[in-house]
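I opened this model with a fresh notebook page and a handful of things to look up. Here is what I wrote down as I went.

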Amino acid sequence: MKRLFIPNRGDAALRVARAAREMGLEVVLGHAWGDRGPAARLATATITLGPENPASSYMDPARVVSAALATGCDALHPGYGFLAESPELAEACRWAGITFVGPAPEALELLGEKAATLRLARDAGLEILGTGEAARDPGEVLRALRRIGLPALIKAERGGGGRGMKPVRGWEEAEEAVRLAQAEARLATGSSSVYVERLLEGARHVELQFLRTASGEAALLGTRDCTLQRRFQKVLEEAPAEIPEGELELAAEGALRLLEEAGLVGLATVEFLLHGGRLFFLEVNPRLQVEHTVTEEVTGLDLVRAQLGAARGLGLEECLGLAGWAGGGGLGSRRPALLPERGAALEARVNAESAEAGFLPCAGWVTRLRLPGGPGVRVDEAIEAGSQVTPFYDPLLFKVVARGRDREEALGRLARALEETEVVGVETNLPLLREVLTHPDFRERRVSTSWLEEFAASRSQVGGRPHPGGPPERRGRAGADRPAPFPAPSLRSP
Amino acid sequence: MEAGAEEVARALLLGLRALGAEELEVRGEGFRLVLRRARERQAPGGSLIVSPVSGRVSYSQAGIAAEPGGRVRKGQTVAVVESMKVAVEVISEVEGRVVKVLVPEGARAEAGEPLLEVEVEEEA
């Protein structure tokens, strides 16, 4: 492995490029027109994949592999998002003789079928929230809903990342919800196949980070709590999660059996809902995740290096050594090996969006940017001062990560870091994030997956301004002031 | 407009919004460029339905036929604008008929840009 191709953008491309350069690899960045971003400085070469529209650039496996071949790359790291879980890309790399930094296409194919994965999880001893059967026929979906009861969630069989999900709370709306969910699923994933799950009110979202090598060895690299979400997408994450001891062990064993069954090699996150002290399996993400940073901060590991090691076929201890693990006492006989976590870490995603207007995306130019620093603070940025935030990609501007000896210290650091952060030019969720960090509900872990949306809604009403425009001190800045009144828009994942 | 000129115009529009200005006029040798905020074009008795975000506009996703004479109901989703992986539904506040489609299906709209001009009719 000498030259690594990164067909990605923003913080994902930068994160991978940083690890690769530190290991002495050459980096080639594949990007869409006018979207070079902060990773370009670390690249030996950059190549244009195609137009801004991701479907014709970042999401096109043929273009991506041709660009990797044309630039003489012998390995490809997909980052996260776009084609990170694409069996087509993994297959194309195999065919082209390029090392794909991620699982084999067969494993990606299997784990991409969410309902099939649910059945695997159930067989591995994990608790699931539905029947594990996907259906295209609306009548069949309704029958499945009747079997599991309401409230429920309809999910796209090939969905993920919050796409194609629809809650159903009453029987009178069930038929219409099924119709809408299937239409959305077709639009977002190309297939109208959906499955249903019980919707747990008051649950927390927790996840387990695994590394599994070609030798069949595996380690649990820690846990994360990603309960604060909007539109089923995470906004504020932390490590470690608070999970009852016995429950964590059972879940880790079951999750490991599932990963073995799927033949996964590399990094994988297994996601759960924590409700009433019990863990319910949601899905497997067979890739690096946006919030991997908090795990890196509490374990001291570089997860991208671990991935590169696994892709080269190294064993577990070699991979962990490459990732910076100091060792100490060996991994023991425990399966999966559990790495010690030190202290706590939190990550805040700073997005170009108006929390005051139902998290409405805000495009524009970032005219000035002041990023935080100081002890225990890390920034993974997707943009730079002078960058244009376009409607083509997600609204993430940068992530601020803070670590501490305990959660209290990490919280204090993150709050301080966000205080010294400034973004001028586009409206951001910074005011909301600052308020959340000092809110007693969050400080005392009294939150569930619906908390952030409820809090944002209550805070907009208190301000007496249900329509977009942002808090008074933000008005007049680019993107904050919109001409002509319009009704509060309704938002959904496409 | 050439592609380069369109980019310049978009940047100027964003600048206009940043300044909170109603109108911007640039005069140079052999050209004069005037940018005016959309609401100034609002015809009496008519109404403009604007996009709350910048992004790709789809009327077909909202299930309406965007053409002159087409009916628009109050509270109806008349367009879906896809911005930063979020589908933003544009809801009409008025009852009436479409006079003009200002941003065609599949084209990109800026935040605050009018999509449809609607002749307001009394609610039945």
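Before anything else, my ground rule for elements: helices (H or I, at least four residues) and strands (E, at least two) are DSSP runs, numbered from the N terminus. This is a predicted model, and I kept to its limits: local features need pLDDT of at least 70, side-chain atom pairs count only at pLDDT 80 or more, and totals for chains, interfaces and linings use all residues. Residues are numbered from 1 along each chain as its sequence is written, while chains are lettered from A and ligands numbered from 1 in the order in which they are written.

**Entry: a stop in chain B**

I looked up Ala65(B) and found it in the loop between strand 4 (55–58) and strand 5 (71–72) of chain B. Is Ala65(B) buried or exposed? My cut-offs: a residue is buried if 20 or more other C-beta atoms lie within 10 Å of its own, exposed if 12 or fewer, and partly exposed in between, with C-beta atoms placed from the backbone. Ala65(B) has 11 other C-beta atoms within 10 Å, so it is exposed. I also checked its distance to Val98(B): the two are 33 residues apart in sequence and 9.8 Å apart in space, C-alpha to C-alpha.

**Entry: chain A as a whole**

I counted 15 helices and 24 strands in chain A. Its C-alpha atoms fill a box of roughly 60 × 55 × 45 Å along the principal axes. For the radius of gyration I used C-alpha atoms, and for the globule rule 2.2 Å times the number of residues to the power 0.38. A compact globule of 494 residues would come out near 23 Å, and chain A has 22 Å, so the two agree. Buried residues make up 55% of the 494 residues in chain A.

Next I turned to contacts, where two residues count if their C-beta atoms, placed from the backbone, lie within 7 Å. Of the contacts in chain A with a separation of 6 or more, 63% are between residues 24 or more positions apart.

**Entry: the five-stranded sheet**

I took two strands as paired if DSSP finds at least two bridges between them. In chain A, I traced an open sheet of 5 strands in the order 3-2-1-4-5, with parallel pairing. Strand 3 (45–50) and strand 5 (99–100) of chain A are its edges, each pairing on one side only. Strand 1 (residues 3–6) and strand 4 (residues 75–76) of chain A run parallel and are joined by 2 bridges. In one of my lookups, Leu4(A) had Ala75(A) in strand 4 of chain A as its bridge partner.

Which helices pack on the sheet? Helix 1 (residues 10–22) of chain A does, touching strand 1 and strand 2 (26–32) of chain A. For angles I used axes that are lines fitted to C-alpha atoms, for helices over the stretch in contact, and angles that run from 0 to 180 degrees between N-to-C directions. The direction of helix 1 makes about 165 degrees with that of strand 2 of chain A. Helix 2 (residues 61–70) of chain A also packs there, touching strand 1, strand 2, strand 3 and strand 4 of chain A. Its direction makes about 155 degrees with that of strand 3 of chain A.

I then picked Val65(A), which is found in helix 2 of chain A. With 25 other C-beta atoms within 10 Å, Val65(A) is buried. Leaving out residues up to four places away in sequence, it touches Ala92(A), Cys93(A) and Ala96(A).

**Entry: helix 3 against helix 4**

Helix 3 (residues 87–96) and helix 4 (residues 105–112) of chain A pack at about 175 degrees, with their axes 8 Å apart. That makes helix 3 of chain A roughly antiparallel to helix 4 of chain A, in a scheme where angles under 35 degrees count as roughly parallel, over 145 as roughly antiparallel, 65 to 115 as roughly perpendicular and the rest as oblique. Helix 3 brings Pro87(A), Ala90(A), Glu91(A) and Arg94(A) to the contact, and helix 4 brings Pro105(A), Leu108(A), Glu109(A) and Gly112(A).

**Entry: backbone oddities**

Most residues other than glycine have a negative phi, and most peptide bonds are trans. I noted Phe82(A), with a positive phi of about 45 degrees, in the loop between strand 4 and helix 3 of chain A. Phe82(A) is buried, with 20 other C-beta atoms within 10 Å. The peptide bond from Leu150(A) to Pro151(A) is cis, with omega near -5 degrees.
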